[in-house]
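Work through the exercises below with the sequence and the structure side by side. Try each task before you read its solution.

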Amino acid sequence: MSDHDLIDGCIRGDRRSQNALYKKYYPLMSSIAMRYYANIDDSKNAINIGFLKVLSKIEQFSQEYSIATWIRRILINSIIDECGE
């Protein structure tokens, strides 16, 4: 399934598309989160919070950018927000 199909499915609220997007980009999100957290549980929590933000803002995604770049930016901002509190 292409990224475009996954994004369209996520916009429609399709659970399979959401799951596929999560599985596809989990390694990217994991590598980013592990740079900020030494604890695996904290990094998994950050990934889940970041992914929830991705899904809640998926309609704002612009096709002119890479979905990986967009997910990365949301996750990093989410981690920074969490660490700053």
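**Exercise 1. Find the residue that caps the N-terminal end of α3, and give the distance involved.**

Solution.
- The model is a predicted one.
- The capping residue is N39.
- A side-chain oxygen of N39 sits 2.7 Å from the backbone nitrogen of D41.
- A polar contact needs N or O atoms within 3.5 Å, and the N39 to D41 distance is 2.7 Å.

**Exercise 2. Describe helix α3: what is its span, and which of its residues are buried or exposed?**

Solution.
- Start with the extent: α3 runs over residues 40-56, which makes 17 residues.
- From the first C-alpha to the last, α3 reaches 24 Å. That is close to the 24 Å expected at 1.5 Å a residue.
- Next, list the buried residues of α3: S43, A46, I47, G50, F51 and V54.
- These buried residues lie on the same side of α3, because they cover an arc of only 130° around the axis.
- A general rule helps here: an α-helix has 3.6 residues a turn, so residues three or four places apart point the same way.
- Now turn α3 over: D41, L52 and S56 are exposed on the other side.

**Exercise 3. Do the same for α1: which residues are buried, and why do they share a side?**

Solution.
- The buried residues of α1 are L6, I7, G9 and C10.
- They cover an arc of only 160° around the axis, which puts them on the same side of α1.
- Step just past the end of α1: G13 has a positive phi of about 85°.

**Exercise 4. In the largest nonpolar core, which residues touch the most other members, and which helix gives the most?**

Solution.
- The largest nonpolar core has 22 residues.
- L21, V54, I58, I67, W70 and I71 touch the most other members.
- Four helices each supply at least two residues: α1 (3-11), α2 (15-36), α3 and α4 (67-84).
- α4 gives the most, with seven residues.
- Take L21 as a case. Setting aside neighbours within four places in sequence, L21 is in contact with L6, C10, F51, V54 and I67.
- Two of these contacts were met above: L6 is among the buried residues of α1, and V54 is among those of α3.

**Exercise 5. How many salt bridges are there, and what does K24 pair with?**

Solution.
- The count comes to one salt bridge.
- K24 pairs with D3, and their closest N and O atoms are 2.6 Å apart. The cut-off for a salt bridge is 4 Å.
- K24 lies in α2 and D3 in α1, so the pair ties together parts that are 21 residues apart in sequence.
- In general, side chains of opposite charge can pair when their charged atoms come close.
- Check accessibility. K24 is partly exposed at 42%, and D3 is partly exposed at 24%.

**Exercise 6. Is Q18 buried or exposed, and what does Q18 touch?**

Solution.
- Locate Q18 in helix α2.
- The relative accessibility of Q18 is 14%, so Q18 counts as buried. The cut-off for buried is under 20%.
- Beyond residues up to four places away in sequence, Q18 touches C10, G13, F51 and L55.
- G13 is the residue with the positive phi just after α1.

**Exercise 7. Compare two residues of α4, A68 and S78: is each one buried or partly exposed?**

Solution.
- A68 is in helix α4, and S78 is in helix α4 too.
- A68 counts as partly exposed at 22%. S78 is buried at 4%.
- Leaving out neighbours within four places in sequence, A68 is in contact with Y25 and L28.
- By that rule, S78 is in contact with I49, G50 and K53.
- G50 is one of the buried residues of α3.
- L28 belongs to helix α2 and is partly exposed at 27%.

**Exercise 8. How many Å separate the C-alpha atoms in three pairs: A68 and C83, L28 and T69, K57 and I74?**

Solution.
- A68 and C83 are 15 residues apart in sequence and 22 Å apart in space.
- L28 and T69 are 41 residues apart along the chain, with 9.9 Å between them.
- K57 and I74 are 17 residues apart in sequence and 9.4 Å apart in space.
- K57 is in the loop between α3 and α4, and is partly exposed at 35%.

Note on methods
Residues are numbered from 1 along each chain as its sequence is written. This is a predicted model: local features need pLDDT of at least 70, side-chain atom pairs count only at pLDDT 80 or more; totals for chains, interfaces and linings use all residues. Side-chain values use heavy atoms; hydrogens and water are left out. The expected span of a helix is 1.5 Å times one less than its number of residues. Buried means under 20% relative accessible area, exposed over 50%, partly exposed in between (1.4 Å probe, protein chains only). The arc is that of the directions from the helix axis to the C-beta atoms. A polar contact is a pair of N or O atoms within 3.5 Å; within protein, one must be able to donate a hydrogen and the other to accept it, and residues adjacent in sequence count only if both atoms are side-chain atoms. A nonpolar core is a set of buried Ala, Val, Leu, Ile, Met, Phe, Trp, Tyr and Cys residues joined through side-chain atoms within 4.5 Å. Contact means heavy atoms within 4.5 Å. A salt bridge is a side-chain nitrogen of Lys or Arg within 4 Å of a carboxyl oxygen of Asp or Glu.
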